[in-house]
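User: Could you take a close look at the ligand site for me? I'd like the contacts and the metals in one go.

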Amino acid sequence: SLVYQPQYNISTKKIIGVEALLRWDNEILKSVSPSEFVPIAESTGAIIDIGEFVFEKAMEEFQDVCKRILETDNQYNQSNRFRLSINVSILQLSNENFLDHLFALINKFECKNAKLMLEITESLIIANHQKVGAILEKIRQSGIEVSLDDFGTGYSSLSYLSKLPINELKIDKSFINDITTSKSSLTLIKSIINLSKNLGFEVLAEGVETQEQIKVLKKHQCNNIQGYYFSKPLDKTKLLEFLENNK
Ligand code: C2E
Ligand code: CA
Ligand code: CA
C-alpha cells in the first residue's frame with residue numbers, strides 16, 4: 001500500500017505537496033520497511049512491477065485529493081500546482097517501457113492543479129548520467145519535474161549537476177539530524193542551499209523533526225520542508241482529513 005507525507009513551506013505556511021511512500025504488511029513478516037525490501041526488489045528486478053504498482057496506485061488515490069481539495073481550494077492553480085512526488089529507482093527509470101507507461105498513465109488521470117515530481121537518488125543518477133540523461137530530458141519536456149533525493153550523500157560532480165535537467169535538491173535527513181549541533185553539517189547545508197539557488201533549483205529539507213531545526217532552515221532560507229515535525233506519512237483517508245483541516 002501507499003502512504004503520503006505532506007511537504008510544507010514554512011514561509012507561506014502552505015502545503016506544497018506530498019511524497020508517496022511504499023508500505024508492505026506481510027502476514028508473517030508483519031510490517032517490512034521499504035529500506036529493506038526495495039534494495040532486494042532492485043536486485044531481483046521485481047522493482048519494475050512494484051514501481052508500476054506505485055504509479056498506478058498513487059495516481060488512482062490522488063484523484064480524490066484532486067477532486068476534493070485541489071479543484072476547490074483556490075490557493076492551488078496552474079501557476080501554483082500541488083506536487084505528487086514519487087520515488088523512482090534507477091532500474092525503473094532505465095527500463096525501456098518506463099516512459100510509455102508513465103505518459104499513458106498521465107493521460108488517463110488528469111489533474112490540472114497538480115504536477116508530478118520524480119524523486120531519484122543523487123548517487124545513482126550521477127553514476128548513470130549518460131544512460132539517464134536523455135530519459136530525464138524527455139521527462140522534463142513532458143512537464144514532469146525531478147528532485148535529486150538524499151542530496152549530499154553521493155559524490156556529485158558539479159559539472160554534471162549543472163547539466164542535468166532537474167528541478168530540486170532534496171537535502172538528506174542525515175544533515176538535518178545534527179544541523180543544530182554540528183558546525184560541519186550546518187556549513188554543508190548552507191552550501192547546498194546556495195548551490196541550489198545559484199543553479200536555479202528548488203531546495204527541500206527532509207527528516208525535519210524539531211522546532212530548532214526549522215529555525216535554522218528558515219534563517220538560511222530553506223523554506224520547503226518535510227518531516228515528522230509537520231506530519232508523519234498518512235494513508236489516503238488521513239491525508240484527506242489533514243488537507244481539509246489545513247486549508
Ligand atoms: P526516502 O525517499 O529518503 O524517504 C524518506 C524516509 O524518511 C521515509 O521512510 C520517511 O517515512 C522517513 N521520514 C520522513 N520524515 C522523517 C522524520 O522526520 N524523521 C525520521 N526519522 N524519518 C522520517 P520510508 O517510508 O521507510 O522509506 C525509506 C526509503 O525507501 C525511501 O527513502 C526510499 O528510498 C525507499 N522507498 C519508499 N517508497 C518507495 C517507492 O515507492 N519506490 C522506490 N523505488 N523506493 C521507495
Ligand atoms: Ca524520497
Ligand atoms: Ca531521501
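Analyst: Sure. This is a predicted model, where local features need pLDDT of at least 70, side-chain atom pairs count only at pLDDT 80 or more, and totals for chains, interfaces and linings use all residues. Residues are numbered from 1 along each chain as its sequence is written, chains are lettered from A and ligands numbered from 1 in the order in which they are written, and side-chain values use heavy atoms, with hydrogens and water left out.

Around ligand 1 there are 22 residues (a heavy atom within 4 Å), and the closest are Gln5, Arg23, Asp149, Glu209 and Tyr228. By class, that shell around ligand 1 holds 8 nonpolar, 7 polar and 7 charged residues. Strand E2 (14–22), helix H1 (34–44) and strand E7 (145–151) each supply at least two residues of it.

Now the polar contacts (N or O pairs within 3.5 Å). A nitrogen of ligand 1 is 3.1 Å from a side-chain N or O atom of Gln5, one of its oxygens is 3.0 Å from a side-chain N or O atom of Asp149, and an oxygen is 2.8 Å from a polar backbone atom of Tyr228. Taken alone, ligand 1 exposes 800 Å², and the protein buries 83% of that (Shrake-Rupley, 1.4 Å probe).

Asp149 turns up again at the metals: it bridges the calcium ions, ligand 2 and ligand 3, which lie 4.2 Å apart. For ligand 2, the protein donors (N, O or S within 3.2 Å for Ca) are Glu19, Asn87, Glu119 and Asp149, at 2.2 to 2.4 Å. Asn87 sits in strand E5 (residues 82–87) and Glu119 in strand E6 (residues 114–121), so this pair ties together parts 32 residues apart in sequence.

Definitions and conventions: Polar contact = N/O pair within 3.5 Å; in protein donor to acceptor, adjacent residues only side chain to side chain. Helix = DSSP H or I, 4+ residues; strand = E, 2+ residues; numbered from the N terminus. Nonpolar A, V, L, I, M, F, W, Y, C, P; charged D, E, K, R; others polar. Donors = N, O, S within 2.8 Å, 3.2 Å for Na, K, Ca; no water.
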